[in-house]
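The following exercises treat a single protein chain. Please work through each task before reading its solution.

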Amino acid sequence: MNLRSTIAISFILVLTSLTISTNSLAESIILKAKDGFSLSANYLKPKSSSKRGVLMLHQCNADKSMYSDLATQAAAKGFHTLALDFRGYGQSVDEIFSMDKMEAKAGNRDELVAMVRKMRADHWPSDVALAYQYLADRVGSKNIAFIGASCGGGQAIILAEKKKPTSLTLFSSGMGERGIERFVKLSDIPTLLIAAQGDEFTFNSAKKAFEKAKSLKSKIQLYKGDGHGLPLFNQDPHLAGTMVDWFQTHAK
């Protein structure tokens with residue numbers, strides 16, 4: 001191995017070490033819902049004094065860890081970040097609310113879908129509101145942006161109906177007609193819509209939402225391929241930085 005290769009590898013190892021070190025600064029917290037359920041979240045506080053925050057809601061084939069790099073980059077730019085594990089996912093599980101337990105209990109796919117829908121309708125909005133309040137208390141203001149990936153985008157919209165964010169990022173978050181109608185009522189909020197062409201439902205709804213958006217600050221970012229949420233971070237290494245720039249541009 002020549003000297004140039006050795007230096008390059010050493011540099012990569014240093015960068016990796018720095019990333020791991022920065023992510024390790026995230027505080028693992030537990031939020032207690034009204035029914036006593038324990039919600040797991042990662043809270044990352046910026047080194048600088050700041051009154052800006054980002055609430056991060058994951059997609060339903062992932063968990064809060066999908067935002068580790070994004071949270072690190074946002075914190076470096078002065079944002080408090082909170083990434084929540086939805087009830088039933090990641091570390092927000094118990095003997096009743098767990099995708100594994102629910103799959104084992106369901107007699108068929110229709111029963112599982114019904115159980116999951118009930119959990120989302122009955123608990124997720126209040127769980128997300130609890131996470132928002134925790135972050136708002138730490139930020140010391142309502143200067144908070146929301147990002148929701150896939151199913152998390154729907155929850156971001158539900159929260160935005162009660163707590164207006166500084167900006168909204170809908171990351172591979174497909175919306176049916178009802179979802180579009182709800183979005184239109186909030187479309188004065190600067191919104192970044194992200195979707196891949198091969199992810200057809202998400203792609204088409206993102207274009208429809210963009211066309212109906214009222215804010216002149218709203219933006220759409222489209223990709224080739226069929227990446228849905230998380231894989232787009234690998235497809236575009238600059239995507240997390242683009243998101244952070246978006247948060248910064250619209251922060252108060």
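**Exercise 1.** What percentage of the residues in the protein is buried?

*Solution.* The model is predicted, so local features need pLDDT of at least 70 and side-chain atom pairs count only at pLDDT 80 or more, whereas totals for chains, interfaces and linings use all residues. Residues are numbered from 1 along each chain as its sequence is written, and side-chain values use heavy atoms, with hydrogens and water left out. A residue is buried under 20% relative accessible area, exposed over 50% and partly exposed in between (1.4 Å probe, protein chains only). By this criterion, buried residues account for 48% of the 252 residues.

**Exercise 2.** Determine whether the radius of gyration agrees with the globule rule.

*Solution.* The radius is taken over C-alpha atoms, and the rule is 2.2 Å times the number of residues to the power 0.38. For 252 residues, a compact globule would have a value near 18 Å; the protein has 19 Å, which agrees. The C-alpha trace spans about 60 × 45 × 40 Å along the principal axes.

**Exercise 3.** Characterise the long-range contacts of the fold.

*Solution.* The secondary structure consists of ten helices and eight strands, where helices (H or I, at least four residues) and strands (E, at least two) are DSSP runs numbered from the N terminus. A contact requires heavy atoms within 4.5 Å. Among contacts between residues at least 6 apart in sequence, 68% join residues at least 24 apart.

**Exercise 4.** How many aromatic pairs are there, and what is the geometry of the pair formed by Tyr 132 and Phe 146?

*Solution.* Rings of Phe, Tyr and Trp (its six-membered ring) pair if their centres lie within 6.5 Å; planes under 30 degrees apart count as stacked, over 60 as edge-to-face and the rest as tilted. This rule gives seven aromatic pairs. For Tyr 132 and Phe 146, the ring centres are 5.9 Å apart and the planes stand at 85°, so the pair is edge-to-face. Because Tyr 132 lies in helix α5 (residues 124–139) and Phe 146 in strand β5 (residues 144–149), the pair ties together parts 14 residues apart in sequence. Tyr 132 counts as buried at 4% relative accessibility, as does Phe 146 at 1%.

**Exercise 5.** Which parts of the chain does the pair of Phe 171 and Phe 233 link?

*Solution.* Phe 171 and Phe 233 form an edge-to-face pair, with 5.2 Å from centre to centre and 65° between the planes. Phe 171 belongs to strand β6 (residues 168–171) and Phe 233 to helix α9 (residues 231–235); the pair thus links distant parts of the chain, 62 residues apart. Both Phe 171 and Phe 233 are buried.
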